[in-house]
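User: I am new to this structure and would like to understand how the chain is built. Please take me through it step by step.

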Amino acid sequence: MSSPTKVQVARKVQGQARKPGQAVYLCKRTMQNKARLELADYEAIKHWQMQLDRHRLKMSKVAESLLAYTEQYLEYDPFLVPPDPSNPWISDDTTFWELEASKEPGQQRVKRWGFGMDEALKDPVGREQFLKFLESEFSSENLRFWLAVEDLKRRPIREVPARVQEIWQEFLAPGAPSAINLDSKSYDKTTQNVKDPGRYTFEDAQEHIYKLMKSDSYPRFIRSSAYQELLQAKKKLENTLDRRTSFEKFTRNVHSFFRTKEFMLMMHKGLIGISF
């Protein structure tokens, strides 16, 4: 919005004012309005500059997170890093999927548990190892509650009310055998939800417990000797298997070469001599 010039101000004053005093008043008021408009324009520009700077900072953080995520999970992408034994998406060999579902996880799976708590929780063996660690510290009630609530969400609706009461009595009722610690807000909300039980009755309580585990239990598990020793054991086993596999591949290649027509032709021409 353009501000009025001095000439425009003077003409406006002359047109509106009939007395000298009124002319002075109108002139001052018009100049004050001009100053207010200039200040408003300045504040608007400053506001949008701040908004642009803030969003630019956020985009840089997003880019950094995306790059870190890509680097971290690079070796788990079968199209970027060919898996061993083969890529099941472009072949008929399903061994890779069978290994991923095996109860004996390889080094890659165990390593992945350290990327975040969700990685450990979604792997059946990872959940089991996490639970064993917490049981060794006599602090497994939080994870058992979280798992019970996850199971509740998948229950048939007819079983939900009874299961809600079981979870309440085990973890939240006064004198519960496996009592968990909740903040007052989550506890009050859950107490109200139990009166009308559903699959998401414990949603607030579960979210609170998840944050507690993520900030306390999970870091202790990743730093624990149990996890580190398992990771190192799997790594040594993988190295041994890799050396054995490489030797077997070399042996098969040599054996295949000895059976080729090219080798037989070279033998016939006397280009290769073999003595026993």
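The questions and answers below go from the whole chain to single helices and residues.

User: How many helices does the chain have?

Analyst: This is a predicted model. Read along the sequence, every element in the pattern of the chain is written α. In keeping with that, the strands number 0, and the count of helices is 12.

User: What share of the residues of the chain counts as buried?

Analyst: The surface that the chain exposes comes to about 20000 Å², with carbon and sulfur atoms supplying 57% of it. Among contacts between residues at least 6 apart in sequence, 50% join residues at least 24 apart. Of the 276 residues in the chain, the share that counts as buried is 26%.

User: How far apart are the end C-alpha atoms of helix 8?

Analyst: Helix 8 covers residues 160-172, which is 13 residues. At 1.5 Å a residue, the helix should span 18 Å. The computed distance agrees with this expectation, because the end C-alpha atoms are apart by 17 Å.

User: How wide an arc do the buried residues of helix 8 cover around the axis?

Analyst: The buried residues of helix 8 are Val160, Arg163, Val164, Ile167, Trp168, Phe171 and Leu172. They lie on the same side of helix 8, because the arc they cover around the axis is only 140°.

User: Which helices are included in what covers the buried residues of helix 8?

Analyst: The residues to be covered include Ile167 and Trp168, both buried in helix 8. What covers the buried residues of this helix includes helix 7 (141-153) and helix 9 (184-194).

User: Which helices do the buried residues of helix 7 pack against?

Analyst: Helix 7 has 13 residues and reaches 19 Å from its first C-alpha to its last, close to the 18 Å expected at 1.5 Å a residue. Its buried residues are Asn142, Leu143, Phe145, Trp146, Ala148, Val149 and Leu152. These residues pack against helix 5 (117-122), helix 6, helix 8 and helix 10 (203-223).

User: What is the distance in space between Glu141 and Ser178, C-alpha to C-alpha?

Analyst: Glu141 is found in helix 7, and its relative accessible area of 22% makes it partly exposed. Leaving aside neighbours within four places in sequence, Glu141 is in contact with Phe171, Ser178, Ala179 and Ile180. Although Glu141 and Ser178 are 37 residues apart in sequence, their C-alpha atoms are separated in space by 5.7 Å.

User: Is Ser139 buried or exposed?

Analyst: Ser139 has its place in the loop between helix 6 and helix 7. Not counting residues up to four places away in sequence, Ser139 touches Leu134 and Arg220. Its relative accessible area is 18%, and buried means under 20%, so Ser139 is buried.

User: What is the phi of Phe138?

Analyst: Phe138 is found in the loop between helix 6 (124-136) and helix 7. Phe138 counts as exposed, because its relative accessibility is 75%. Although Phe138 is not a glycine, its phi is positive, at about 55°.

User: What is the area of the nonpolar surface patch that includes Trp97?

Analyst: Trp97 is found in helix 3 (residues 95-100). At 38% relative accessibility, Trp97 counts as partly exposed. Together with Phe79, Trp89 and Ile90, Trp97 makes a nonpolar surface patch of about 500 Å².

Notes
Residues numbered from 1 in each chain as written. Predicted model: local features only at pLDDT ≥ 70, side-chain atom pairs only at ≥ 80, totals over all residues. Heavy atoms only, no water. Patch = residues over 30% accessible without salt bridge, like charges linked within 9 Å, V, L, I, M, F, W, Y side chains within 5 Å. Areas by Shrake-Rupley, 256 points an atom, 1.4 Å probe, with all protein chains shown as cover. Salt bridge = Lys/Arg side-chain N within 4 Å of Asp/Glu carboxyl O. Helix = DSSP H or I, 4+ residues; strand = E, 2+ residues; numbered from the N terminus. Buried < 20%, exposed > 50% of the residue type's maximum accessible area, 1.4 Å probe, protein only. Expected span 1.5 Å × (residues − 1). Arc of directions from axis to C-beta. Contact = heavy atoms within 4.5 Å.
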